[in-house]
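Colleague: Could you take a single part of this model and examine it closely for me? I would like one connected account that begins with the part itself and then places it in its surroundings.

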Amino acid sequence: AAMAARCRLAARFHHIHGANIRLDASHTQATRVESFANGLCFSQEPLAPGQIFLVEIEEKELGWCGHLRVGLTAHDPQRLEVVPEYSLPDLVNLGDTWVFAITRNHNRVVVEGEEAQPRGRPWEPSLLIERLRIPRDTLVGRSRPGRYSHILDDLFKMNVLPATARRSRIGVLYAPQPDGTADMHIVINGKDMGPSARGLPTSRPLYAVIDVFASTKSVRVIPVDYGFPSLQTLCRLVIQKHIVHRLAIDGLDLPPLLKSSCQHE
């Protein structure tokens, strides 16, 4: 229960962010309002071991080169004198930060001499990363909101979205190792890209880094339930089951945060 509560709290953006970022009232949506840089965001709380910080790309912007950047940092956003303009190279140059650019064909990073291992079938209910097990359902981009789309979601989940496409879901986590360090993993639409960085310190809190950069204009945090589903998740599933059109949720007499959850998860 404590882990679930902590995960829900961390599934928001920190109030410290780049100069061009605007957060919604729930701190779950981050939009870059101008230019192509100054779009750094951080998780509201440090991540727990094995906890994924997952975002969905909601809006793209033509005319820029480059896409979303994702990673981890041991720097407390509250203690940054100035939020860097770029995650790469500015934030990384501060040290104790590991960030990777997401590309259209982002593949697993394989260490020299290591053979790529099969990552599991896309229809298996859980994603297994070393000793960690994460429910796969939330990790995969959803279908386009519309008539009967909630019924067709299972079909859409079988299709692989390009990593940088709208509705693509990208997450980052760290997996503790026997030597006391951790490996950073990036997950794209339910697929583990493998260790993107090794030797991360587990003695310091690690925050997720999301750089809403260039052609990526807006992203939304997607909460991931571990163990028993939360009351909000159960309410969302019941509501979605009894409607025909997701856009009709706007007309329901529901709290704004629950409406947002029903429409975007």
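Modeller: A polar contact is a pair of N or O atoms within 3.5 Å; within protein, one of the two must be able to donate a hydrogen and the other to accept it, and residues adjacent in sequence count only if both atoms are side-chain atoms. The model discussed here is a predicted one. A polar contact of 2.6 Å joins the side chain of R169 to the side chain of E56, and I shall use R169 as the way into the part I have chosen, strand β9, in which R169 lies. R169 counts as buried because its relative accessibility is 1%, while the limit for that class is under 20%.

The strand around R169 is covered as well. Strand β9 spans residues 169-176, and seven of its eight residues are buried, so the strand is largely enclosed by the rest of the structure.

Strand β9 has pairing partners that can be described in turn. Strand β4, residues 53-60, runs antiparallel to β9 and is joined to it by four bridges. One residue pair shows the register: V55 has I170 of β9 as its bridge partner. Strand β10, residues 181-188, also runs antiparallel to β9, and seven bridges join these two strands. Here L173 has H185 of β10 as its bridge partner. Strands β9 and β10 form a hairpin with four residues between the strands, and in this hairpin G180 adopts a positive phi near 95 degrees.

On the β4 side, I57 deserves attention. I57 is located in strand β4 and is classed as buried because its relative accessible area is 2%, below the 20% limit. The C-alpha atoms of I57 and R169 lie 6.6 Å apart in space, although 112 residues separate the two in sequence. Beyond its neighbours within four places in sequence, I57 contacts a run of residues that includes A163, T164, A165, R166, R167 and S168, together with I170 of β9. Its other contacts include L68, T216, S218 and V219.

One of those contacts, R167, leads to the segment before the strand. R167 is in the loop between α3 (149-157) and β9. Its phi is near 75 degrees, a positive value in a residue other than glycine. Most residues other than glycine have a negative phi, and most peptide bonds are trans. R167 still counts as buried, because its relative accessibility of 16% is under 20%.

What does the strand contribute to the nonpolar interior? The largest nonpolar core has 32 residues, of which F13, F53, I210 and V219 touch the most other members. Strand β9 is among the elements that give two or more residues to this core, as are β4, β5 (69-73), β10, β11 (191-201), β12 (207-211) and β13 (216-221). The largest share, four residues, comes from β10, the hairpin partner of β9. Another core, of 12 residues, lies apart from this one, and L54, L127, I129 and I134 are among its members.

Strand β5, another contributor to the largest core, offers a second polar contact for comparison with that of R169. T73 is in β5 and counts as buried because its relative accessibility is 0%. The side chains of T73 and T97 are joined by a polar contact of 2.8 Å. T73 also touches F42, D96, W98, P205, L206, Y207 and V209, among residues more than four places away in sequence. Of these, D96 lies in the loop between α2 and β6 (97-101) and has a positive phi near 50 degrees, although it is not a glycine. D96 is partly exposed, because its relative accessibility is 34%, which lies between the 20% and 50% limits.

The whole protein gives the setting for strand β9. The protein has five helices and 13 strands, and 50% of its 265 residues count as buried. Of the contacts between residues at least 6 apart in sequence, 69% join residues at least 24 apart. The structure has zero disulfides. To return to the part itself, strand β9 is paired antiparallel with β4 and with β10, and it holds R169, whose side chain makes the polar contact with E56.

How values were computed. Residues are numbered from 1 along each chain as its sequence is written. This is a predicted model: local features need pLDDT of at least 70, side-chain atom pairs count only at pLDDT 80 or more; totals for chains, interfaces and linings use all residues. Side-chain values use heavy atoms; hydrogens and water are left out. A disulfide is a pair of cysteine sulfur atoms within 2.5 Å. Buried means under 20% relative accessible area, exposed over 50%, partly exposed in between (1.4 Å probe, protein chains only). Contact means heavy atoms within 4.5 Å. Two strands pair if DSSP finds at least two bridges between them. A nonpolar core is a set of buried Ala, Val, Leu, Ile, Met, Phe, Trp, Tyr and Cys residues joined through side-chain atoms within 4.5 Å.
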